[in-house]
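Here is a friendly walk through one structure, in questions and answers. Have a look at it first, and then we can go through it together.

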Amino acid sequence: MSKVVLIPQDVAVEGKNYLIERGYKIKMGSGVTEQDIINDVVDCDAILLRTAKASKSVLEAGKNLKIIARHGAGYDNVDLAAANELGIWVTNTPDATTNSVAEFTMGAIVAVAKRTFLMNKAIHENNFYYKNTHKGVDIQGKTLAVMGFGRIGRSVAKKAHFGFDMNIIAYDPYAKPESIPEYVKLVSWDEAFSSADFVSLHMPANKDNIGCVSAKEFDMMKKTAFFINCARGELVDEPELVKAIEAEKISGAFIDVFVKEPPEADNPLLKLENISATPHMASNTEECMRLMAVQAASQIDKVLSGEKPDWPVNKPVEVRKC
């Protein structure tokens with residue numbers, strides 16, 4: 001009997017084909033609410049998971065579950081403690097998003113610096129000369145603070161330094177000094193916010209850093225500085241970011257992620273002129289979607305074939321037998 005893989009949200013066809021070619025049965029989800037997934041997972045051996053939540057109730061309902069394979073680098077939508085207790089592997093695709101998100105972040109930096117979103121809106125409103133009162137700034141020679149120096153942070157730093165001649169400082173309490181490139185200077189949290197012209201977040205969201213960027217951080221930033229978040233919305237105190245923009249404490253922001261997604265239509269972040277916003281799309285490229293789907297599928301195949309996964313993010317107490 002074929003083993004069943006639940007896919008609550010559709011993925012690239014290459015990932016589905018990878019599983020089908022190896023004899024697995026694909027079960028497309030009926031929805032993304034907790035109850036939808038609880039209903040769907042009953043007869044499944046694995047979940048190929050995008051942004052839907054795999055709560056403890058979901059994991060308990062999946063009596064046959066052996067693996068949750070995350071379609072992406074983050075895994076804050078999976079209850080790791082429950083997975084450990086129940087013997088379920090949780091994996092991610094740690095390097096699949098690196099280049100796509102790093103490229104997007106550089107685009108975000110250029111967009112806020114050159115005010116391209118504002119100019120696009122103005123010219124569509126037949127205001128060609130709006131540019132005269134809303135000049136951009138160059139990024140060459142400016143200082144970029146990379147907050148979190150993992151795969152994506154490192155890639156952003158490299159592109160910014162060698163591609164745009166930016167000065168790079170970085171904050172990461174887990175980074176080993178000997179692993180830091182010579183063109184990057186490790187600094188404290190406060191120094192990063194106070195001395196940078198651009199601050200870009202590249203940290204995972206966990207219980208220790210939810211809302212870690214708030215009034216104190218925006219107060220420390222230069223009035224000419226820009227804030228970029230293409231990581232996780234939960235890292236930022238959104239009302240304080242709104243206040244900082246309204247009070248002109250910082251020059252602008254680029255936001256790709258929100259505390260609540262999709263954001264409410266009346267979210268103030270969507271109303272402010274100096275905030276450019278996109279719908280959590282930093283990794284949303286054809287190449288990245290294919291790579292994430294195939295890599296997640298490969299982890300499902302490994303685990304359901306009785307092997308250990310390549311990219312586990314948890315340590316099950318006792319792994320469920322296949």
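Q: How many residues does helix α7 have, and what distance does α7 reach from its first C-alpha to its last?
A: This is a predicted model, and in it α7 covers residues 151-164, which is 14 residues. At 1.5 Å a residue, 20 Å would be expected. The helix comes close to that, with a reach from first C-alpha to last of 19 Å.

Q: Which elements do the buried residues of α7 pack against?
A: Buried here means under 20% relative accessible area. In α7, the residues that meet this are Ile 152, Gly 153, Ser 155, Val 156, Ala 157 and Ala 160. They pack against one helix, α5 (98-114), and against the strands β6 (143-147), β7 (167-171) and β8 (184-186).

Q: Which residue follows α7?
A: Look just past the end of the helix for a positive phi, near 60 degrees. The residue with that phi is Asp 165.

Q: Which are the edge strands of the five-strand open sheet?
A: The strand order is β2-β1-β3-β4-β5, with parallel pairing. An edge strand pairs on one side only. That description fits β2 (25-28) and β5 (89-91).

Q: What is the bridge partner of Leu 6 in β3?
A: Strands β1 (residues 4-7) and β3 (residues 46-49) run parallel and are joined by two bridges. Within β3, Leu 6 has as its partner Ile 47.

Q: At about what angle to β2 does helix α1 run?
A: Helix α1 spans residues 13-21 and lies across β1, β2 and β3. Its angle to β2 is about 140 degrees.

Terms used:
Residues numbered from 1 in each chain as written. Predicted model: local features only at pLDDT ≥ 70, side-chain atom pairs only at ≥ 80, totals over all residues. Heavy atoms only, no water. Helix = DSSP H or I, 4+ residues; strand = E, 2+ residues; numbered from the N terminus. Expected span 1.5 Å × (residues − 1). Buried < 20%, exposed > 50% of the residue type's maximum accessible area, 1.4 Å probe, protein only. Contact = heavy atoms within 4.5 Å. Pairing = 2+ DSSP bridges. Axes fitted to C-alpha atoms, helices over the stretch in contact; angles between N-to-C directions.
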